[in-house]
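Ready for a few exercises on one protein model? Have a go at each task before you read the solution under it.

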Amino acid sequence: MPSPTPERRQPNVLLLVTDDQGAWALGSKMPELRTPTLDRLQREGTTLERFFCASPVCSPARASLTTGRMPSAHGVHDWIRPEALARAGTPERPVDPDFLERAVGADSIAQMLSRDGYRCGMVGKWHIGSSDVPAPGFDYWWAHQLGGGPYFGAPTWKHDEVSGRPTVPAEPTTEPEYLTDAITRQSLDFLDRLDAEDPGRPFFLQVNWTAPHDPWFDGNHPEDLLALYDDTDFPSVPAPEPHPWFTAEAFSRAVADRRGALAGYCAAISGVDRSISALLEDLERRGLLQDTIVVFTADNGFSCGHHGIWGKGNGTFPLNFWEPSITVPFIVRWPDRIAAAAVDERPASAVDLFATIAELTGATPLEDPLRAGRSLAPRLLRSAPETSEASPETAGAVDAPEDAVVIHDEYGANRMLRTERWKLVLRREGPTELYDLQEDPGEERDLSTAPAHAAVLDELSGALEDWFARHSTPALSGWDSPVDGSGQSVPVG
């Protein structure tokens, strides 16, 4: 893949990732939600209306975002448990074997861009493995120790103010500031260091918030953010009867206090919105915003009562792939290159991000036959057919002809295939599901045992099995794993 021409500066990349934010949780879809900066990104960029995570839980979804591989090709299959993250490097052995290091040959966005001359930074939640040392490709690193926890007193690694990296050996500490604001502070610190040490060098900054992941109660969010939601009971958020598969224990308080939980959830998103505003203002002040590709997305979807559950893929047993669990926001802004106020209705997958960033920046990825995604750049760049300038709510869909897109998802020994009309879920143990999304968009009528749909079931089952055979490896496959949603403690194999 050719590099950008010398006449054109390599674009910066600002990748913004939230935690447990469903596609429904945008101001353009949820009138109660206060997100003026995300609204701005939608006005000034392109929104992919149907963007799907690769797994409906954080760690495997994040690993797929950064590698373009499905979980059965990188080996991270569940959220990584604290005991698997509580280790620190030493001067003699600064980097221990990590989860993703088992996926031999897997390139990452940071490794690819660092080879191409980018200075790369990560701030916030990593949760693809231990975060006491920077992941390969990253020069700047300020990391949460775990995958979640309190917003005040959050567990982080002590940061070396000289190097911009964790101390060696790594020292655990706690962050006294509201975590979302601390992530903003450290992201701005990365930009300050870049300006002082490498002016003019292109950057890749990945900002990973823990918001809006719970906890939502008990003073975890500032009063000024909570006050934004004092006068609403969130009428746009559905509240059906609990689904029979819902495992309510983890969210019993949210079920008992729906309004309070939603206020905390939305306050967390508004805190992120405020953080993004500060980043955009800083880039504009530095004269860098025009040349920066801004990507906003989330690791996995989430339900706050949708489909009768609170949670994501492991909010039920058996694990689920319902639309709220697998759809996430996706907005891209790049002035004069990517259309403004455009909405693309065609499906896309998180495994497409790696190839998309490669093409947009001109960076060259390593060859990887297990990489599953394809570049979305032809759909995003202004050379493709555009929508008219309009609000995100009313802009027409980009309708350039393209081969039908089939979306795949997996969570341990549970796999999904989704076409425009059909959704199939196969499990090694447990029920098969088949939904006609055209007739039943709410996924309420399972047709897997209906004789009239036996041929469809067979055809989709074969297609799903064939696709995973090409995009997985036996050593890292989740199909024979014991993953049940309660967390992963050791790398596969």
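**Exercise 1. Count the disulfides, and work out why Cys 53 and Cys 304 have no such bond**.

Start with the rule: a disulfide is a pair of cysteine sulfur atoms within 2.5 Å. Going by that rule, you end up with zero disulfides.

Now take Cys 53. Its closest cysteine sulfur sits in Cys 58, at 11 Å, which is too far for a bond. Then Cys 304: the closest cysteine sulfur is that of Cys 266, 7.4 Å away, so that one is too far as well.

How covered are these two? Buried means under 20% relative accessible area, exposed means over 50%, and partly exposed is in between (1.4 Å probe, protein chains only). Cys 53 has 1% relative accessibility, so it counts as buried. Cys 304 is at 1% too and counts as buried.

A word on the ground rules before you go on. This is a predicted model, where local features need pLDDT of at least 70 and side-chain atom pairs count only at pLDDT 80 or more, while totals for chains, interfaces and linings use all residues. Residues are numbered from 1 along each chain as its sequence is written, and side-chain values use heavy atoms, with hydrogens and water left out.

**Exercise 2. Find the cis peptide bonds at Pro 169 and Pro 215, and place each proline**.

It helps to know the background: most residues other than glycine have a negative phi, and most peptide bonds are trans.

Helices (H or I, at least four residues) and strands (E, at least two) are DSSP runs, numbered from the N terminus. With those labels, go to the loop between β8 (165–166) and β9 (172–175), where you'll find Pro 169. The bond joining Val 168 to Pro 169 is cis, with omega about -5°.

Next, look between β10 (203–208) and α6 (223–226): Pro 215 is in that loop. Asp 214 and Pro 215 are joined by a cis peptide bond, and here omega is about 20°.

**Exercise 3. Which phi values do Phe 234 and Glu 443 take, and are these residues buried or exposed?**

Phe 234 is in the loop between α6 and α7 (252–256). Its phi is near 60°, a positive value in a residue other than glycine. With 0% relative accessibility, Phe 234 counts as buried.

Glu 443 belongs to the loop between β21 (433–436) and α12 (454–470). Although Glu 443 is not a glycine, its phi is positive, at about 55°. Its relative accessible area is 2%, so Glu 443 is buried.

**Exercise 4. How many residues of α10 are buried, and what comes just after this helix?**

Helix α10 covers residues 353–361, and eight of its nine residues are buried. Among them are Leu 353, Phe 354, Ile 357 and Leu 360. Just after the helix comes Gly 362, whose phi is positive, about 80°.

**Exercise 5. Give the strand order of the two open sheets**.

Strands of a sheet pair through backbone hydrogen bonds, either parallel or antiparallel. The test used here is that two strands pair if DSSP finds at least two bridges between them.

One sheet has three strands in the order β14-β3-β17, with mixed pairing. β14 (327–328) and β17 (348–349) are at its edges with a single partner strand each, so one side of each has no neighbour in the sheet. Strand β3 (residues 51–52) and β14 run antiparallel and share two bridges. Look for Phe 52 there: its bridge partner in β14 is Thr 327.

The other sheet has four strands, β18-β19-β20-β21, and its pairing is antiparallel. The edges are β18 (407–410) and β21, each pairing on one side only. Between β19 (residues 414–418) and β20 (residues 422–427) there are five bridges. Arg 415 faces Leu 426 of β20.

**Exercise 6. At what angle do α1 and α8 pack?**

Two packed helices are described by the angle between their axes and the distance between the axes. Axes are lines fitted to C-alpha atoms, for helices over the stretch in contact, and angles run from 0 to 180 degrees between N-to-C directions.

For α1 (residues 36–44) and α8 (residues 258–286), the angle is about 55° and the axes are 7 Å apart. Angles under 35 degrees count as roughly parallel, over 145 as roughly antiparallel, 65 to 115 as roughly perpendicular and the rest as oblique, so α1 and α8 are oblique to each other.
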